[in-house]
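Got the viewer open? Keep the selection tool handy, and we'll walk through this one stop at a time.

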Amino acid sequence: MAGPNTPSTAILTMTAQQVRDAEREAMRTVSEPVLMARAADAIAAECEALLLERHGRTQGCRVVVLAGSGNNGGDALLAGARLHYRGAATTAVLVGPTAHAMGRGECEAAGALIIDAQPDAPLNRAAARQAVEDADLVIDGIVGVGAKPGLREPADALVAAIPSRAIVVAVDIPSGLEVDSGVSTASHVRAHVTVTFTAPKPCLIEEPAAASAGRVVVVQVGVLRR
Ligand SMILES: NC(=O)C1=CN([C@@H]2O[C@H](COP(=O)(O)OP(=O)(O)OC[C@H]3O[C@@H](n4cnc5c(N)ncnc54)[C@H](OP(=O)(O)O)[C@@H]3O)[C@@H](O)[C@H]2O)[C@H](O)CC1
Ligand SMILES: [K+]
């Protein structure tokens, strides 16, 4: 039972299942696109602040979005589109078998470059790798609370190609970590900042995994703790 000495992590965090339950409840009154737009606004604002701090501008900065198939990828693509509208040069690299339709659509509408790194096309793979190597900022939208630990190809190789000078912003969790624990053995993203939603997940608080999350920013998108 929780007492005065219960670690605060046990009180503050929400597991993947708790977040999913709370999200389902929230979606009785708020639509998923609205929740995702709020998430994307927060991610883009954090990226813009980081670019301003490091480069003094957003204009012309090279942003790469690594986007998986799920809503985590959708959040990241929507944020990438917003940054492109603000003058950054966004490249969306699709690393999953499919891409979030609204996120992809907004990137297309904004004029961002889209590279589908999933099919077995060496030219796409090479272009994706080059974009990552040249990036000023990488948004990790490979996987979120739907994650199984570890990175799959092509994300694994692309994450390994992120240069040390690039700022890395993880969406919800650094991809590859096990959401509900502090275990950090599988291949995963190492972020400078993690923008997470509703509540920190255990992997953002418990060591050694938490060391890969960097600074954690908790954003309220309208999903209430239950
Ligand atoms: N909590 C909130 O308030 C909000 C959260 N949002 C965002 O939504 C994601 C969760 O989105 P969901 O679509 O449910 O799941 P994911 O995007 O995490 O991904 C599921 C897909 O990823 C595949 N998968 C699983 N593990 C891996 C991996 N290690 N590498 C690559 N791909 C992986 C999985 O495939 P399977 O074959 O395993 O089934 C799925 O295809 C949450 O994190 C937030 O970012 C919303 O914005 C709303 C508000
Ligand atoms: K992520």
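How many salt bridges does the structure hold? There are 11 in total. Bear in mind throughout that this is a predicted model.

**Stop 1: some charged pairs**

Side chains of opposite charge can pair when their charged atoms come close. Start by selecting Arg-28 and Glu-25, whose side chains meet in a salt bridge with an N to O distance of 3.7 Å. Arg-28 counts as exposed, with a relative accessibility of 66%. Its partner Glu-25 counts as partly exposed, at 38%.

Next, pick Asp-41, Arg-82 and Glu-106, and show their side chains. These three residues are linked in a network of salt bridges.

**Stop 2: the pair along helix α5**

Now go to Glu-108 and Arg-104. Their side chains form a salt bridge, 3.0 Å from N to O. Why is the separation about one helical turn? Glu-108 and Arg-104 are four residues apart in helix α5, so about one turn of helix lies between them. An α-helix has 3.6 residues a turn, so residues three or four places apart point the same way. Both ends of this pair are partly exposed: Glu-108 has a relative accessibility of 46%, and Arg-104 has 31%.

**Stop 3: the two sides of α5**

Stay here and select the whole of α5, residues 101-110. Which of its residues are buried? Color Gly-103, Cys-107 and Ala-110, and you have them. They sit on the same side of α5, because they cover an arc of only 65° around the axis.

What do those buried residues pack against? Bring up α4, β2 (89-94) and β3 (113-116), and you'll have their packing partners on screen. Then spin the view around to the face of α5 turned away from the buried side, where the exposed residues Ala-101 and Ala-109 are carried. Before you leave, click on Gly-111, just after α5: this glycine takes a positive phi of about 95°.

**Stop 4: a buried salt bridge**

Select Asp-172 and Lys-201. The two form a salt bridge, with the closest N and O atoms 2.9 Å apart. Asp-172 lies in the loop between β5 (167-171) and β6 (193-197), while Lys-201 lies in the loop between β6 and α8 (202-205), so the pair ties together parts that are 29 residues apart in sequence.

Are these two residues buried or exposed? Asp-172 counts as buried, at 7% relative accessibility. Lys-201 also counts as buried, at 0%.

**Stop 5: backbone oddities**

Most residues other than glycine have a negative phi, and most peptide bonds are trans. With that in mind, keep Asp-172 selected and look at its backbone: phi is near 75°, a positive value in a residue other than glycine.

Thr-198 is another residue to click on. Its phi is also positive, near 75°, and Thr-198 is not a glycine either. You'll find Thr-198 in the loop between β6 and α8. Its relative accessibility is 6%, so Thr-198 counts as buried.

Now for the peptide bonds. Zoom in on Glu-153 and Pro-154, which are joined by a cis peptide bond with omega of about 5°. Pro-154 lies in the loop between β4 (137-141) and α7 (155-160). Then jump to Glu-207 and Pro-208, where the peptide bond is cis too, with omega near 5°. Here the proline, Pro-208, is placed in the loop between α8 and β7 (215-219).

**Last stop: the largest pocket**

Switch on a surface for this one. How much space lies in the largest pocket? About 770 Å³. To find your way in, select Gly-70, Asn-72, Val-143, Gly-144 and Gly-146, the lining residues that lie nearest the pocket's centre. The full lining is made up of 39 residues.

For the helices around it, highlight α2 (16-26), α3 (32-55) and α4 (71-85), each of which supplies at least two residues of the lining. Helix α4 is one you've met before, since the buried residues of α5 pack against it.

What kinds of residue line the pocket? Color the lining by class and you'll get 17 nonpolar, 13 polar and nine charged residues.

Technical notes:
Residues numbered from 1 in each chain as written. Chains lettered and ligands numbered in written order. Predicted model: local features only at pLDDT ≥ 70, side-chain atom pairs only at ≥ 80, totals over all residues. Heavy atoms only, no water. 1 Å grid on protein atoms, 1.4 Å probe; cavity = no way out; pocket = protein on both sides within 12 Å on 5 of 7 lines; lining within 4 Å. Points joined across faces, edges and corners; volume = space filled by probe spheres on them. Nonpolar A, V, L, I, M, F, W, Y, C, P; charged D, E, K, R; others polar. Buried < 20%, exposed > 50% of the residue type's maximum accessible area, 1.4 Å probe, protein only. Arc of directions from axis to C-beta. Contact = heavy atoms within 4.5 Å. Salt bridge = Lys/Arg side-chain N within 4 Å of Asp/Glu carboxyl O.
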